[in-house]
Amino acid sequence: FCIDTGHAYNARILDSVFKSLGGRIKHLHLQDTFFGKDAHLIPGEGELPWEEIMLQLSKIDYSGLLLLEIREKENISLKEVLQHSWESALKLQKRLVELEKS
């Protein structure tokens, strides 16, 4: 299965999708958004519960593909988008490491 975090959130299945599909998830599209929108924001810029998402990914020992699915932004350079995306990915990685230690 391929799961898009923003789409799952808007479909109101984000809470259950990792639990129900578990190891059958092979591809993740990571994006943040606000309910009712398909914003494709950098993780941390919207309202998705990244703490819970990282916990669920840790529980299923996810090792599949990851794609940051980020929409273009006006008046922000590619360099800045990549920098913000990198910083977000590092925060997610740090939290995942913390969760795995606990």
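How many aromatic pairs does the structure hold? The structure, a predicted model in which local features need pLDDT of at least 70 and side-chain atom pairs count only at pLDDT 80 or more, whereas totals for chains, interfaces and linings use all residues, holds one aromatic pair (ring centres of Phe, Tyr or the six-membered ring of Trp within 6.5 Å; planes under 30 degrees apart stacked, over 60 edge-to-face, the rest tilted). Residues are numbered from 1 along each chain as its sequence is written, and side-chain values use heavy atoms, with hydrogens and water left out.

The pair is formed by Tyr 9 and Phe 35 in an edge-to-face arrangement, at 6.1 Å centre to centre and 80 degrees between the planes. Distant parts of the chain are thereby linked, 26 residues apart: Tyr 9 belongs to helix 1 (residues 5-10), and Phe 35 to the loop between strand 2 (27-30) and helix 3. Helices (H or I, at least four residues) and strands (E, at least two) are DSSP runs numbered from the N terminus. Phe 35 counts as partly exposed because its relative accessibility is 38% (buried under 20%, exposed over 50%, partly exposed in between; 1.4 Å probe, protein chains only).

The lining of the largest pocket divides into nine nonpolar, four polar and two charged residues (Ala, Val, Leu, Ile, Met, Phe, Trp, Tyr, Cys and Pro nonpolar; Asp, Glu, Lys and Arg charged; the others, Gly among them, polar). A pocket is an open set of points on a 1 Å grid over the protein atoms alone where a 1.4 Å probe fits, with protein on both sides within 12 Å along at least five of seven lines; lining residues have an atom within 4 Å of a point. Helix 4 supplies the largest share of this lining, five residues.
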